[in-house]
Amino acid sequence: MRVIDVHTHIFPDTLARKATVATAEYFDLPEPPNHYGTVGELVEVLEEAGIDYAMVFSAATTAHQVEHINRYIYEEAAKQPKFIPCGTLHADYQNYREELRWLREHGIHGVKIHPEFQHFTLDDERLFPMFEEMEREDMFLIAHMGDPRVNVSGPERMIRVATTFPRLQCIGAHLGNWGDWDIEKIRPLAKLPNVYTDISSSFSYVKDPAPLMEILRAYDPTHIFHGSDYPIWCPKKELEKTLRLGLPEDLLEDILFHNFARFYHYREL
């Protein structure tokens, strides 16, 4: 069975532990990080787990980090055949047209946004010209979704983005609303034809998976991707959890591989 992990973060070795611990502390996670986000560590765990590909990214917390991070992601993905690179932008970044062109020319077709760490809302109108350019150039958006303590990336914000830019393919991570599993908030998002989701950092947070299974069923079954949220969670352990969800075999295979392989039409996976 082939597997794509669409949600992994990587950092330079000198920054990895600090960045990962800070993330775990911000979200007040129930256990320490499983890993620390270095490239070598991720490559090892992907091999051990039998995972074919991992989409890798890192969000720029300031505008001046954008180009540095994008080049770092490109360089690491060029060395690792299992890596699918994904770039980043920031609401304050001005050179977005040239940077999006650079990303496309270097085989990077998506952009990761993490509103909580980047200190703007997902539907901040400073991002709209960037989203418009991405829509025009057939690039996709993946965004952290949800945090019950703040209101910067909830479903209503992604709904505004996805309806304003109906040809922009949007991945709302963490089943569309991390930490707030109210299906009535998520259902309108799940019905949008240009919205996809991943299951990263979802089932690891609940003792009873039933409410999350209801959310899962609200999405188009072809719009659901597998993800681990490495390094906070272990790709091998998260894959094992997905395999234990009791999903029908054809749906399981689609979530683990085929859905994203079709979505990522830029090259054959």
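**Sheets, a buried lysine and aromatic pairs**

In this predicted model, three strands make up an open sheet, ordered β1-β2-β3 and paired in parallel. The edges are taken by β1 (4-9) and β3 (83-85); each has a single partner strand, so one side of each is left without a neighbour in the sheet. On average, and ignoring direction, neighbouring strands of this sheet are turned by 30° against each other.

The pairing of β2 with β3 can be followed residue by residue. Strand β2 covers residues 53-57 and is joined to β3 by three bridges, the two strands running parallel. V56 has P85 in β3 as its bridge partner. Two helices pack on this sheet. Helix α2, residues 39-49, touches β1, β2 and β3, and its direction makes about 130° with that of β3. Helix α11, residues 249-263, also touches β1, β2 and β3, and its direction makes about 80° with that of β1.

Strand β1 contains H7. Is H7 buried or exposed? Its relative accessibility is 1%, and because buried means under 20%, H7 counts as buried. Leaving aside residues up to four places away in sequence, H7 touches a set of residues spread along the chain, among them M55, F57, K112, I142, H174, D198, G227 and Y230. Of these contacts, K112 leads to another group of paired strands.

K112 belongs to strand β5, residues 110-113. With a relative accessibility of 1%, K112 is buried as well. Which residues does K112 touch, not counting those up to four places away in sequence? They are H7, H9, F57, C86, G87, T88, L89, I142, A143 and H144. In the case of H144, the two residues are 32 apart in sequence, while their C-alpha atoms are 8.0 Å apart in space.

Strand β5 pairs with β6 in the parallel sense, over four bridges. Within this pairing, K112 stands opposite I142 in β6. Side chains in a regular strand alternate between the two faces of the sheet. In β6, residues 140-143, F140 and I142 point one way and L141 and A143 point the other way; all of these are buried.

On to the next strand: β6 is joined by four bridges to β7, residues 169-172, and these two strands run parallel. F140 has Q169 of β7 opposite to it. Between β6 and β7 the chain passes through helix α7, residues 155-164, in a β-α-β crossover that is right-handed.

Aromatic rings form a further set of contacts, with 16 aromatic pairs in the structure. One of them is Y196 with F225, a stacked pair whose ring centres are 5.6 Å apart and whose planes are 15° apart. Y196 sits in strand β8 (residues 195-198) and F225 in strand β9 (residues 224-225), so this pair ties together parts of the chain 29 residues apart in sequence. Y196 is buried at 12% relative accessibility, and F225 is buried at 0%.

The pair of Y205 and W233 has another geometry. Their ring centres lie 5.5 Å apart and their planes stand at 80°, which makes the pair edge-to-face. The two residues come from loops: Y205 from the one between β8 and α9 (210-218), W233 from the one between β9 and α10 (235-243), and they are 28 residues apart. Y205 is partly exposed, with a relative accessible area of 26%, whereas W233 is buried at 2% relative accessibility.

Y196 and F225 also belong to one aromatic cluster, formed with F140, F260, F263, Y264 and Y266. F140 is the residue of β6 that stands opposite Q169 in β7, and it is buried.

Two arginines lie over aromatic rings. The charged end of R17 is placed over the ring of Y36, 3.9 Å from the ring centre. R71 lies over the face of W102, with 3.9 Å to the ring centre.

Terms used
Residues are numbered from 1 along each chain as its sequence is written. This is a predicted model: local features need pLDDT of at least 70, side-chain atom pairs count only at pLDDT 80 or more; totals for chains, interfaces and linings use all residues. Side-chain values use heavy atoms; hydrogens and water are left out. Two strands pair if DSSP finds at least two bridges between them. Axes are lines fitted to C-alpha atoms, for helices over the stretch in contact, and angles run from 0 to 180 degrees between N-to-C directions. Contact means heavy atoms within 4.5 Å. Buried means under 20% relative accessible area, exposed over 50%, partly exposed in between (1.4 Å probe, protein chains only). A crossover is right-handed if, with the strands pointing away from the viewer, the path from the first strand over the helix to the second runs clockwise. Rings of Phe, Tyr and Trp (its six-membered ring) pair if their centres lie within 6.5 Å; planes under 30 degrees apart count as stacked, over 60 as edge-to-face and the rest as tilted. A charge sits over a ring if NZ of Lys or CZ of Arg is within 6 Å of the ring centre and within 35 degrees of the ring normal.
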